[in-house]
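Let's take a walk through this protein together. Have a look at the chain first, and then we'll go through it piece by piece.

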Amino acid sequence: MRIIFMGTPEFAVASLDALVQHGYDVAAVVTAPDKPAGRGLQLQQSAVKQYAVEKNIPVLQPEKLKNPAFLEELRSYNADLQVVVAFRMLPELVWNMPRLGTVNVHASLLPQYRGAAPINWAVINGEKESGVTTFRLQHEIDTGNILYSSKVPIREDETAGELYDTLMKEGAKVLIQTVASLEKGDITGTVQNNIPPEELKHAPKIFKETCRINWEAPVESIYNLIRGLSPYPTAFTVLQDKTLKIFKAEKEIAQHSHAPGSVHTDQKTYLKFAAPGGYINVTDIQLEGKKRMGVVEFLRGFRF
């Protein structure tokens with residue numbers, strides 16, 4: 001079975017590697033164009049491209065997915081199936097091309113958390129479980145027939161980064177199960193549950209404003225926001241007119257009369273912010289213009 005793989009970040013590499021390790025014929029990889037990054041703005045290859053180059057798999061990097069030259073080249077590979085993991089939205093011309101269509105690996109238990117940031121939003125919303133789903137692409141985003149899904153518990157202190165690593169491996173496993181079934185022709189898929197719109201949870205792209213901590217929110221919500229945005233793009237607040245990124249924190253449930261967002265510290269071992277219902281004890285932080293560090297190291301050099 002000839003497969004075209006489409007993906008960009010590290011999350012997609014685990015699935016691509018699983019296909020290669022299981023002996024599938026990955027005819028080509030489609031990934032994002034190289035982008036300038038870092039201080040020198042040198043062109044950076046995507047994680048998927050780096051892997052493909054290492055394995056001598058042909059790489060296609062179209063700026064536009066409807067470009068006739070790209071479509072012609074894609075068609076020339078005569079693939080039986082396309083696999084999409086953490087890529088961009090495909091036009092029908094592309095997803096409908098192979099005889100078996102296109103399968104997507106999505107990091108949520110569909111139909112919940114359709115969208116660009118399912119891992120982050122599951123943690124931000126305090127979910128107790130997440131998972132991965134493989135489904136067939138169709139017109140509406142993340143709505144196609146489900147082929148397989150697998151549940152994964154979310155620990156109470158787990159960050160989005162830790163859940164990302166778990167789902168990356170789980171996604172690769174579920175993809176191999178899916179491709180094997182498609183090859184045998186013994187799976188058609190099931191229609192996604194018809195959940196009322198008001199019960200659907202969404203996973204839109206995360207913007208800077210999403211990351212700003214609102215200290216008027218309940219302490220539990222703030223704690224989940226910090227976990228759900230760690231290590232990237234990171235929740236932040238302002239401390240003495242400078243941005244303070246918070247990578248890790250602990251919640252302290254307590255009744256108090258302190259103003260939301262007020263700072264409390266012994267200037268040696270702890271730094272905490274008041275919120276309704278308790279405090280957020282920050283443990284792993286980065287002040288604007290400084291490196292990331294533990295709170296004890298931070299307090300050695302910071303004066304309130």
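Before we get to the sheet, one bit of vocabulary: two strands are said to pair if DSSP finds at least two bridges between them. With that in hand, you can follow an open sheet of seven strands, which runs in the order β5-β2-β1-β6-β7-β8-β9 and has mixed pairing. At its edges stand β5 and β9, each with a single partner strand, so one side of each has no neighbour in the sheet. Keep in mind that what you're looking at is a predicted model.

Let's step back for the overall picture. The protein chain has 304 residues, and 49% of them count as buried. Its secondary structure adds up to nine helices and 15 strands. The C-alpha trace spans about 65 × 50 × 30 Å along its principal axes. If you take the contacts with a separation of 6 or more, 63% of them are between residues 24 or more positions apart. On the outside, the accessible surface comes to about 15700 Å², and carbon and sulfur atoms make up 50% of that. As for charges, there are 34 positive and 34 negative ones, and their mean positions lie 5 Å apart.

Now back to the sheet, starting with β6, which covers residues 81–85. How many of its residues are buried? Five of its five, so to speak a strand that is mostly covered. In a regular strand, side chains alternate between the two faces of the sheet. You can see that split here: L81, V83 and V85 point one way from β6, Q82 and V84 point the other way, and all are buried.

What about the neighbours of β6? On one side, β1 (residues 2–7) pairs with β6 in the parallel sense over five bridges, and F5 stands opposite V83. β7 (residues 102–106) also runs parallel to β6, joined to it by four bridges. There, V85 stands opposite V105.

Out towards the edge strand β5, the pairing is with β2: the two are parallel and share two bridges. V29 has V59 in β5 as its bridge partner.

Next, find helix α2, residues 47–54. Its buried residues include V48, K49, Y51 and A52. Why do they sit on the same side of α2? They cover an arc of only 165° around the axis, and that places them together on one side. As background, an α-helix has 3.6 residues a turn, so residues three or four places apart point the same way. The buried residues of α2 pack against β1, α1 (10–21), β2 (25–30) and β5 (59–60). Just after the helix comes N56, whose phi is positive, near 60°.

Our last stop is a loop, the one between β9 (146–153) and α6 (160–184), where you'll find I154. Is I154 buried or exposed? Its relative accessibility is 8%, so I154 counts as buried, given that the cut-off for buried is under 20%. Leaving aside residues up to four places away in sequence, I154 touches A122, E127, K128, E129, S130, L163 and R227. Take K128 from that list: I154 and K128 are 26 residues apart along the chain, yet their C-alpha atoms are separated by 5.0 Å.

Definitions and conventions
Residues are numbered from 1 along each chain as its sequence is written. This is a predicted model: local features need pLDDT of at least 70, side-chain atom pairs count only at pLDDT 80 or more; totals for chains, interfaces and linings use all residues. Side-chain values use heavy atoms; hydrogens and water are left out. Buried means under 20% relative accessible area, exposed over 50%, partly exposed in between (1.4 Å probe, protein chains only). Contact means heavy atoms within 4.5 Å. Accessible areas come from the Shrake-Rupley method with a 1.4 Å probe; for residues, only the protein chains shown count as cover. Lys and Arg count as positive and Asp and Glu as negative; His and the chain ends are not counted. The place of a charge is taken as NZ of Lys, CZ of Arg, CG of Asp or CD of Glu. The arc is that of the directions from the helix axis to the C-beta atoms.
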